[in-house]
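Hi everyone, thanks for coming. I'd like to walk you through one model today, so have the viewer open and follow along with me.

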Number of protein chains: 2
Amino acid sequence: MTAVELPLAGMKVLDLTRVLAGPYCTMLLADLGADVVKIERPGLGDDARAFGPFLPSGESAYFAGINRGKRSIVLDLKQDADRETFLKLVAQADAVVENFRPGTMESLGLGSEKLRELNPRLVYTSVSGFGRTGPYRRRPAYDVIVHALGGLMSITGHEVERPARVGSSISDILAGIYSALAITAALARRAKTERGGDLDLSMLDCTVAVLENAIVRYGVTGEVPGPLGTRHPSITPFQAFRASDGPLVIAAGNDVLWKTLCTVLEVPHLVADPKLATNKLRTENQPYMEGALQAALGRKSVADWLALLEKAGVPAAPIQNIQQLMDDPQLQARDMWHTLTDRDGLELTTPGTPLVLDGQKPELGGTWPRLGEHQDEVLAEWLR
Amino acid sequence: MTAVELPLAGMKVLDLTRVLAGPYCTMLLADLGADVVKIERPGLGDDARAFGPFLPSGESAYFAGINRGKRSIVLDLKQDADRETFLKLVAQADAVVENFRPGTMESLGLGSEKLRELNPRLVYTSVSGFGRTGPYRRRPAYDVIVHALGGLMSITGHEVERPARVGSSISDILAGIYSALAITAALARRAKTERGGDLDLSMLDCTVAVLENAIVRYGVTGEVPGPLGTRHPSITPFQAFRASDGPLVIAAGNDVLWKTLCTVLEVPHLVADPKLATNKLRTENQPYMEGALQAALGRKSVADWLALLEKAGVPAAPIQNIQQLMDDPQLQARDMWHTLTDRDGLELTTPGTPLVLDGQKPELGGTWPRLGEHQDEVLAEWLR
């Protein structure tokens, strides 16, 4: 099998990002073949290098997991000499990505306008909590802040009084993926126009962009959407239930599947129940439906029900924890686990890439950079 | 202000997708300027046209919210004449996107290989629940199934016994955004190589790709991550609390912010408390920390605390519901609400795009297509 030509092969990315949203973005660019060079501050580097959990070597596994395939150099952008080096690198770069608070790069004399004047083909991207404009633009943003402000927390969990945060830092990560999309699109445009571009992404905007259903529901019904546990707002049954030994989810989105489900669960009388005859009625009478199915589901184990439901063609699944997930045969077949190896040969399993191009996953970076590890190498290559 | 040239202007996309993951992907492509033509089956069209909530006109608001700016034609791909028309369109297309179960397009004689043979510049993309390969490839997938299998449900919510689904269909939507990224990247590659590409995206892979932190935590500690309510696994305090009249979130991720927070809350003795001296200790003693802060926070209202915390520079926010979200001044300033208007002049507010390019948001499609609305127009334009 010959290696697939990666879409961003040959693209040079200067990566000033720290912590999560920005580094997730540049990880995606590196996965797609770009040459990503992290520019880190002297001493500490990317803040995430100090975030747990830590490997036996003392290095941050948090950092390792989102910085594969990048290189690292150290520059102090407050010092003239380093700022000059930075500007020389910018002249060679295809993209610059940063996730400082808006205004920080300008205060260093390195704002988007200045850099694009120096290099009109440059795609400049800022990723921030709230974007460069608007009343919140200067506010600090953490994932939980954006989760809360952005409405996502209010519709996640079981009770209005007890909202829940998504178990991963999805507001950061969404901003990372959207930024990678925007940068890739701007590079595609440059292939036609020879002009770079200026991108301004906000974690809050990206969080709101995934609320499609809740927003239109509110618009149409006037009812403020609340948390629905494991349920879907308009498809029923579509939720978790408890079998005799644990939980499982069942999604029977139409009347045929509903009848099949009732047959499998040996509650055929429910098929004729007028309160449950259509999806609309089942949604309106969801607590009643849940009670009736729950009583039946308690009679067998998760494994027994899943075998019966699969045979009958009713979509159902176990609720896998992270350990079970890592043993899942589908993810192993899809090569979704990527092993990083540090300089001492220590291995760390991380999620790989979901991008399958021409039948192959791109070959991902096998390790993460130490602070400043590639200083001489990068400067020699980029500025030769 | 002159209109920004959109990155995918001039790109022709044939969109065979239904429901959510695929349509979300092609909405992003349309937002980026592509000419997206939905190909729908006779009679019902995209299944989502039958999903509530419904507008007074009887049309689906669910469908409207994710199909702006696209056009619709009707083809019956099981009929020879329509299949021939489809192949003529493929010859003119830059991309084809479908989210059938793997094998469906092949069984119609319209698989990726055949279409790319006909048009070597074509970028063919399938988005499915589990991908084209692996033991689950034929299984039906709904968001809740992938949420559950993919580990995300096991780390969302408050109790292990009572996991929660993310309040939006994030497994579908992540697959949609990742697919848009993959297609845009393949189009960028084509600009250099003149070759199209073949993309195989899976909702399960995309869900696992956002679990970075949980996976490495498990790898390093051997402890299976569970749901954390509103908390962060390694930053404390970073969670929701209750003020006298409702909840708010506070994120004080370092020792300086912790001290400031204690001062603002008028619990200065906690600064000297050895159980809470560092972020690591606060994380280990989180229940104790939560109890101590909670007692203080009950003394004032959300608005009062937010004013005091903002003044002191401690990141904090209200937990906004969807109604409050739509009144938020930041989102209004960022132009994040997009009004769709149907043929009768009825308006529906939806989330706009988070993409800000060269200081502007792309102009988004102002309406959604009726089934087959653009049949003659598209065939005349594309096949002239």
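**A walk through the model**

Let's begin in chain A, where strand β10, residues 246-251, runs antiparallel to β9(A), and six bridges join the two. If you want one pair to click on, take Arg242(A): its bridge partner in β10(A) is Pro247(A).

Before I go further, a word on confidence, since what you are looking at is a predicted model. Chain A has an average pLDDT of 96, and 99% of the residues reach at least 70. For the model, both ipTM and pTM come out at 0.97. As a general reminder, predicted coordinates should not be read in detail where pLDDT is low.

Back to those strands. They belong to an open, antiparallel sheet of three strands in chain A, ordered β9-β10-β11. Which strands stand at the edges? In chain A they are β9 (238-243) and β11 (316-318); each has a single partner strand, so one side of each has no neighbour in the sheet. From one strand to the next, the twist averages 30°.

Now let's bring in the other chain. How many residues of chain B are in contact with chain A? The count is 122, and they meet 122 residues of chain A. On the chain B side, helix α7 (residues 170-193) gives the largest share, with 15 residues. Sorted by class, that side of chain B has 76 nonpolar, 35 polar and 11 charged residues.

Next, the inside. The largest nonpolar core has 236 residues, and the members that touch the most others are Leu29(A), Val249(A), Leu29(B) and Val249(B). Please zoom in on Leu29(B). Beyond four places in sequence, Leu29(B) touches Leu8(B), Val13(B) and Ala34(B), along with Val36(B), Ala180(B) and Ile183(B).

For my last stop, please find Ala296(B), which sits in helix α12 (residues 286-297) of chain B. Is Ala296(B) buried or partly exposed? It has 17 C-beta neighbours inside 10 Å; buried would take 20 or more, and exposed 12 or fewer, so Ala296(B) counts as partly exposed. Setting aside residues within four places in sequence, its contacts are Leu265(B), Glu266(B) and Val267(B). For a sense of distance, pick Arg195(B) as well: Ala296(B) and Arg195(B) are 101 residues apart in sequence, and their C-alpha atoms are 63 Å apart in space.

That's my tour, and I'm happy to take questions.

Notes: Residues are numbered from 1 along each chain as its sequence is written. Chains are lettered from A and ligands numbered from 1 in the order in which they are written. This is a predicted model: local features need pLDDT of at least 70, side-chain atom pairs count only at pLDDT 80 or more; totals for chains, interfaces and linings use all residues. A nonpolar core is a set of buried Ala, Val, Leu, Ile, Met, Phe, Trp, Tyr and Cys residues joined through C-beta atoms within 7 Å. Two residues are in contact if their C-beta atoms, placed from the backbone, lie within 7 Å. pLDDT is the predictor's confidence in each residue, from 0 to 100. Two strands pair if DSSP finds at least two bridges between them. Helices (H or I, at least four residues) and strands (E, at least two) are DSSP runs, numbered from the N terminus. Axes are lines fitted to C-alpha atoms, for helices over the stretch in contact, and angles run from 0 to 180 degrees between N-to-C directions. Ala, Val, Leu, Ile, Met, Phe, Trp, Tyr, Cys and Pro count as nonpolar, Asp, Glu, Lys and Arg as charged, and the others, Gly among them, as polar.
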